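Reader: I should like to examine one part of a structure closely and then see how it fits into the whole. Would you please guide me through it?

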Amino acid sequence: MKQSLFESHHKAEWERFAVALERLEQGKETAQVSDFPKAYRRLCQHLALAQARGYSSFLIDSLQQQVLRGHQQLYRHRSRLGAQIISFILADFPRLVREQWRFVAAASLLFFGSLIGFGVLVYLFPELIYNLIPAEQVREMQGMYDPVAGHLGRSAERAASEDWVMFGYYVMHNTGIAFQTFASGLLMGVGSGFFLLYNGMIIGAVAGHLSEIGFGQTFWSFVIGHGAFELSAIALAGAAGLKLGWALIAPGRLTWGEALRLAARKSVLLVCGAMLFLLIAAFIEAYWSSKTSVTPLTKYAVGAALWLTVAVYLLFAGRIRHAPE
Amino acid sequence: MLEPTAPRRKAPLDTRHQVETPEGIDLPLRPAGLMVRAVAFAIDLGIRGLILGVLFIALAFLGKLGMGLGSLLLFAISWWYMVLFEVLRQGRSPGKQWLGLRVVHDDGTPIGWSASLLRNLLRFVDLLPFGYFLGALSCLQHPTFKRLGDIAAGTLVVYSERPLSRPQLPDAEPRRSPVPLTLSEQRAVLGFAERQAELSPARVNELAALLAQPLHISAPKAVSEINGIAHGLLGPTP
């Protein structure tokens, strides 16, 4: 069949396809949606024919272009985001954490190990704090948690509207740290390891110092609540980063690129979970931890309950499979 | 690093990246190089700066509440601007749209949430140690110009397809080729006729003269003869 005959045979069909394509690309409903896959496959056949018969470059290129656009519409990733998020929170995320327990354990060991280690060190050798943190920042910290001052957190006097400021600040600051900890895992895991150790060191040193100078009550009652979510989020983000790094160190029988891609698909979910934790942490930090009207004892109790919640959630949620998943 | 989706048959002259679809069709994608991507990023950076500047001025009037909203916005725009545009607008952030680029998965399908989030979170590493050094390095050495985030997320930045306009074939009497032509020869002859308008007359004559002998046509009239053969291939021959 000559090219001009072929073109005139199928011209109408191609034009209909182009119209349907345009409407799909603009996200409008089109009457031809149910016929689209069939029309697309016919177009593929025409392209193959045109190539096999040596038709002109213009025809082949324009068919190729239509096929490419059709491919992108037909194989679009349609996700039911709402349902996915709910099943992620209820089951998939804790399952993933348990599945990746090696990385989670390694990251927790690095982070909490350095936190506790430096906390104890600074408590025993108080002058060590000045080697770790600049003196100015230490003074600032002391000002914030001074029990005499009767306020808590980062700002001097907090009205209700300031809770907003702090909420925004915590979200930005903490999530930034978590993202950094994750992303730098791409450097063979070294970056994640560094950030885990470093953040553990800073938090531990501050905790040790404040306890040692007698501000322990204000400090611990402030941090215990949101710490449950915040600290575990950092550890989880670090675990995701270590997973990336491990894929590069030990790709197994895959190529580097492929191993990395597979590991990244899982670790991005871990990061999403960590992000969720941080959002909760920022909320607690801004609206609950900073309340001065609550007695420290209540705060310890609530804090302990929150830690328990996190542990139970990560360990047990999603163990039973429900039918409609 | 080899791409599993694109088995390399033979090293191509251009940078096209072939993707095989489930229908058995090879789709050529044209990956975008470092410079054009850098320009697109610079435009996006400018737009983000502008949005933040305007919003901060507006929020400054709201006082403390404004400050809280401001830092939430800073967070949202610095981490989510690219992701939202890429997922909701078929792989195009404003800068990419401007330069005719889009982000797709390795298999040519539009980018989804997890891949977009991943490639934009890992931007942090591409930025190291300063000014996109690692990203540029990776982009320059990779056959399809991927930065590290793209490698991990399995994404590609490609040129969007532009509408083609039908070329005018020069007039000539349709005729049959004196020698049987193979498929690629047919396409070459058709290509010669279709692209003639883009070439200078001297070059057209030069190319046609090369074909005169193998096609057994007279050298002085080679151009019109070849155009005739092209017409003959397209439509009915007498």
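Reader: How are helix 9 of chain B and helix 10 of chain B oriented to each other, roughly parallel or roughly perpendicular? Please also place this pair within the two chains.

Author: It should be said at the outset that this is a predicted model. Two packed helices are described by the angle between their axes and the distance between the axes. For helix 9 (residues 201-215) of chain B and helix 10 of chain B, the angle is about 75° and the axes lie 8 Å apart. Since angles of 65 to 115 degrees count as roughly perpendicular, helix 9 of chain B and helix 10 of chain B are therefore roughly perpendicular to each other.

The residues that make this contact can be named. Helix 9 of chain B contributes Val204(B), Asn205(B), Ala208(B), Ala209(B), Leu211(B) and Ala212(B), while helix 10 of chain B contributes Ala222(B), Val223(B) and Ile226(B). Classified by type, eight of these residues are nonpolar and one is polar, and none is charged.

We may now turn to chain B as a whole. Its secondary structure comes to ten helices and four strands, arranged along the sequence as β-β-α-α-α-β-α-α-α-α-β-α-α-α. The radius of gyration of chain B is 25 Å, well over the 18 Å that the globule rule gives for 238 residues, so chain B is more spread out than a compact globule. Its C-alpha atoms fill a box of roughly 85 × 40 × 35 Å along the principal axes. The chain is divided into domain 1 (17-159) and domain 2 (164-229), and the centres of these two domains are 44 Å apart, taken over C-alpha atoms. Of the 238 residues of chain B, 35% count as buried. Among contacts in chain B with a separation of 6 or more, 63% are between residues 24 or more positions apart.

Helix 10 of chain B also has a part in the meeting of the two chains. In total, 50 residues of chain B are in contact with 52 residues of chain A. Helix 10 (222-234) of chain B is one of the elements that each supply at least two residues to the side of chain B that touches chain A; others include strand 2 (26-29), helix 4 (113-121) and helix 8 (183-194). Helix 2 of chain B gives the most to this side, with eleven residues. By class, the side of chain B that touches chain A has 32 nonpolar, twelve polar and six charged residues.

A helix pair between the chains offers a second example of packing. Helix 11 (residues 256-289) of chain A and helix 4 of chain B pack at about 85°, with their axes 10 Å apart. That angle makes helix 11 of chain A roughly perpendicular to helix 4 of chain B. The contact involves Ala264(A), Arg265(A), Val268(A) and Val271(A) on helix 11 of chain A, together with Ser114(B), Leu117(B), Leu118(B) and Leu121(B) on helix 4 of chain B. Six residues of this contact are nonpolar, one is polar and one is charged.

Chain A itself has twelve helices and zero strands. Its radius of gyration is 28 Å, whereas a compact globule of 325 residues would have one near 20 Å. The domain assignment gives domain 1 (3-74) and domain 2 (82-316) of chain A, and 53 Å separate their centres, taken over C-alpha atoms. Of the 325 residues of chain A, 42% count as buried.

Key: Residues are numbered from 1 along each chain as its sequence is written. Chains are lettered from A and ligands numbered from 1 in the order in which they are written. This is a predicted model: local features need pLDDT of at least 70, side-chain atom pairs count only at pLDDT 80 or more; totals for chains, interfaces and linings use all residues. Two residues are in contact if their C-beta atoms, placed from the backbone, lie within 7 Å. Ala, Val, Leu, Ile, Met, Phe, Trp, Tyr, Cys and Pro count as nonpolar, Asp, Glu, Lys and Arg as charged, and the others, Gly among them, as polar. The radius of gyration is taken over C-alpha atoms; the globule rule is 2.2 Å times the number of residues to the power 0.38. A residue is buried if 20 or more other C-beta atoms lie within 10 Å of its own, exposed if 12 or fewer, and partly exposed in between; C-beta atoms are placed from the backbone. Domain bounds come from an automatic or database domain assignment. Axes are lines fitted to C-alpha atoms, for helices over the stretch in contact, and angles run from 0 to 180 degrees between N-to-C directions. Angles under 35 degrees count as roughly parallel, over 145 as roughly antiparallel, 65 to 115 as roughly perpendicular and the rest as oblique.
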